[in-house]
Amino acid sequence: MDIKNKLNEIEKNSGVKFRDLAERGSRELCLGVTAEDFLKACLCLHKELDSPVRIFFAEDDTVSRGVYRLYCGFEAAKYGQWVFACLDVPKEKPVFPSLAREIFSASLFEREIYEMFGLEPVGSPDARRLRLHDEVWPAGAYPLRKDFVAGAGRGKASGRYAFKKIEGEGVFEVAVGPVHAGIIGPGHFRFSAAGEPVINLELRLGFTHRGVEKLFEGKTPAEGTRLAERVSGDSVFAHSLAFCDAVEKTAQVELPEKALYERVIFLELERMHNHVIDIGTIALDVGYSFPHAYAQVMKEYLLALNEELTGSRYLKGVCVPGGVSVDLTAQAAARLSGSVDAVMKDFAELKKMLYTNSSFMDRVETTGVLGRKIALDLGVTGPAARASGIDRDLRKDFPGVYAAAGFRAAKETAGDALARLNIRVAEFEESARLVKYFSALLKDGGPRSAGPVEPGEGSALGFCEGWRGPVLYRVRIGARGVIERCKIVDPSFNNWQGLAFAVPGNIIPDFPLCNKSFNLSYSGGDL
Amino acid sequence: MSIFINSLKKGLVTVDSACFKALDTSAAENAGKELEKLIRKQFARSFHIREVDTGSCGGCESEIISATNPIYDLQRFGVDFVASPRHADALLVTGPVSKNMELALKKTFEAMPGPKVVITLGDCAGNGGLFADSYYTLGGVKSVLPVTLHIPGCPPKPVEIIAALLRFLKNSK
């Protein structure tokens, strides 16, 4: 059955009417629905397509049509499609029916839409602001509205954030952050505990909010690529790739083979240097420092390898709209392949250090369990989801050139810190194999770019499976070829919630281990 | 245990550094040796830094951590990163200063004993970088605290961080 038939079937069974908005990039469908049908339509898509809310955002179309348009996006993995339920919200009555009570994965997105656009999710269980902290930002200033002026943010701050209160005999709170003890991003964690085990963990994030989505507006695709590279510093390539993918889809350009292969190579190299240091740091956070030192050296070599190949340790400036800026020659590819072999020898040592040490294994096994059902409800993605038995990976669901390489997605079921470690180990090895596979396909000469990209007016979803999970960019290009709206979803956004549900039941001293086994990006989530 | 002994025998890793031309640590070695002498003299062997991220993308943090890896091993020259501002001689700040971090940044600085200096690292902390025009950033650290040294880069490499610290301590004699 293809997606069209499936959607017809959903319409027939539910009585919801979909209006095809004919507003589509490749592999995406936008379906208009009425306010009365919105909740029901989203619920049907959520259940029938077997997808949490992957992306949910608003666009300001008040100038030309007098409405804000909401896009609630689902991933129809089985059909290799993205499906958006779209709702027009009139400027005069900025409210929409909340989905969060029925589909929890919509919850954070709704809070975001509320604070950024002033569109109220009616019936929402939690309407607190997420990033515009009440202590520093006034009420009624909505930065992503087109008529927002910078001065609007200078008004009197609106108040204080209301944390959840856990009450009972012997319950105490431990507040940590925003400034932490290590060299790490800022966030506030509030533990409620009675005795040793944590009863509740509440996260308050947004400390690295920089207004990234607003900054994209009015930029050219080339400028946008530079900005995308600076959204999350450890996922430079994944973010630039997803952004370029979106721009290329609006322009409907076909990429030459060499560009596609090189992009896979760099995406996998980024995965390798991040996974290896995570593996080491998981050991460090239970006090086992030797494997960490070992992994640090491996990371340094991988960064040096990046620099040798591209001139940048973190692959900045490598992905450009239309292709890649670096020409990997067959000779460079052969060296790359040899380097990966050398790294894999060390990786075997690192694995032995961890898996043969029973006191280490004892700490990671059954620690920080995230159950499959909760992970699904929260919309957890990436390695964290795969560790909890959720069989999703964009490299598998939208394979592209990965198909020919016989890509195998990692999968675990236990959902504990060990499962997340195992996933990283398996993915590191698979990435090494993919890098070698695609390096062997590189030939000298031939185009590595489709030439200058003329972005077309319209919008498209760009995506890739970064090392932390799916990175999504929904980009709308305006009449002058500049960006009108850019919605970014970093996997950290929903996965932070996963951490909050994995920690309760564990002791506070195991928090660093649980945290590291997810290793989420503050800046990616806060934008 | 056998792995540990093995590693000592073989050297830390088996990776043949000839594979990795870009990794030239001699500059770091030379700068570091000199840095160590200065720190011994001026800071009684230890120069302690508290790091605060005010909205960086994490790239600067990654390179600061890299400077402490076994290859560069910044600590052996007498520089270390401490968990509390109470133990710090210097505050190392990254990021363009998100409005949400202004108070925490000020409080961290106030919690440090004097004499103290503020060092900014990365283009964002210098002048806001690409985020200077945002509705939610203060456009760099100097709008909040007095800054003594800026280490530019996006992000600066470990060697550059070590060299910049050396230059700074030399000039502040």
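# Exercises on a predicted two-chain model

In the hairpin of β4(A) and β5(A), four residues lie between the strands, and A:Gly80 takes a positive phi near 60°. The model is predicted. The exercises below start from this hairpin.

## Exercise 1: the surroundings of β5(A)

Task. Determine which strands pair with β5(A), in which sense, and how far β5(A) is buried.

Solution.

Step 1. Take the hairpin partner. Strand β4 (residues 67-76) of chain A pairs with β5(A) in the antiparallel sense, over ten bridges. One register point is A:Cys72, whose bridge partner in β5(A) is A:Ala85.

Step 2. Look for another partner. Strand β2 (residues 28-32) of chain A runs parallel to β5(A), and five bridges join them. Here A:Gly32 has A:Cys86 of β5(A) as its bridge partner.

Step 3. Recall the chemistry. Strands of a sheet pair through backbone hydrogen bonds, in either the parallel or the antiparallel sense.

Step 4. Check burial. Strand β5 (residues 81-90) of chain A has ten residues, and eight of them are buried, so the rest of the structure largely encloses it.

## Exercise 2: an open sheet

Task. Give the strand order of the open sheet that contains β14(A), and name its edge strands.

Solution.

Step 1. Write the order. Three strands form this open sheet, β13-β14-β15 of chain A, with antiparallel pairing.

Step 2. Find the edges. β13 (458-466) and β15 (483-489) of chain A each pair on one side only, which makes them the edge strands.

Step 3. Note the angle. Neighbouring strands of this sheet are turned by 15° against each other on average, direction ignored.

Step 4. Fix the register. β13(A) pairs with strand β14 (residues 469-477) of chain A in the antiparallel sense over nine bridges. A:Glu465 has its bridge partner, A:Pro470, in β14(A).

## Exercise 3: the length of a helix

Task. Compare the expected span of α8(A) with the distance between its end C-alpha atoms.

Solution.

Step 1. Count residues. Helix α8 of chain A covers residues 257-284, which is 28 residues.

Step 2. Apply the rise. At 1.5 Å a residue, α8(A) should span 40 Å.

Step 3. Compare. The end C-alpha atoms of α8(A) are 41 Å apart, which agrees.

Step 4. Add burial. α8(A) is mostly covered, with 25 of its 28 residues buried.

## Exercise 4: two buried residues

Task. Are A:Ala502 and A:Asp234 buried or exposed, and what does each contact?

Solution.

Step 1. Locate A:Ala502. This residue belongs to helix α16 (residues 492-502) of chain A. It has 29 other C-beta atoms within 10 Å, so it is buried; the cut-off is 20 or more.

Step 2. List its contacts. Beyond neighbours within four places in sequence, A:Ala502 contacts A:Gly368, A:Val369, A:Leu370 and A:Cys514. A:Gly368 is 134 residues away in sequence, yet the C-alpha atoms of the pair are 4.8 Å apart.

Step 3. Locate A:Asp234. Its place is the loop between α6 and α7 (236-251) of chain A. A:Asp234 has 25 C-beta neighbours inside 10 Å and therefore counts as buried.

Step 4. List its contacts. Leaving out neighbours within four places in sequence, A:Asp234 touches A:Asn274, A:Ser521, B:Gly58 and B:Ser62. A:Gly224 is ten residues away along the chain, and its C-alpha atom lies 18 Å from that of A:Asp234.

## Exercise 5: the interface, seen from chain A

Task. Which helix of chain A gives the most to the side that touches chain B?

Solution.

Step 1. Size the interface. 53 residues of chain A contact 46 residues of chain B.

Step 2. Pick candidates. α5 (212-216), α6 (221-228), α9 (289-310) and α10 (330-355) of chain A each supply at least two residues of this side.

Step 3. Choose. α9(A) gives the most, with twelve residues.

Step 4. Classify. The side of chain A that touches chain B has 26 nonpolar, 14 polar and 13 charged residues.

## Exercise 6: chain B and a helix crossing

Task. Outline the fold pattern of chain B, then describe how α3(B) and α6(B) pack.

Solution.

Step 1. Count elements. Chain B has six helices and five strands. Along the sequence they follow α-α-β-α-β-β-α-β-α-β-α.

Step 2. Check burial. Of the 173 residues in chain B, 49% are buried.

Step 3. Take the angle. The axes of helix α3 (residues 59-67) and helix α6 (residues 158-171) of chain B come within 8 Å and cross at roughly 75°. α3(B) and α6(B) are therefore roughly perpendicular to each other.

Step 4. Name the contacts. B:Glu63, B:Ile64, B:Ser66 and B:Ala67 of α3(B) meet B:Pro158, B:Ile161 and B:Ile162 of α6(B). By class, the residues of this contact are five nonpolar, one polar and one charged.

How values were computed:
Residues numbered from 1 in each chain as written. Chains lettered and ligands numbered in written order. Predicted model: local features only at pLDDT ≥ 70, side-chain atom pairs only at ≥ 80, totals over all residues. Buried ≥ 20, exposed ≤ 12 C-beta atoms within 10 Å, placed from the backbone. Pairing = 2+ DSSP bridges. Axes fitted to C-alpha atoms, helices over the stretch in contact; angles between N-to-C directions. Contact = placed C-beta atoms within 7 Å. Nonpolar A, V, L, I, M, F, W, Y, C, P; charged D, E, K, R; others polar. Expected span 1.5 Å × (residues − 1). Parallel < 35°, antiparallel > 145°, perpendicular 65-115°, else oblique.
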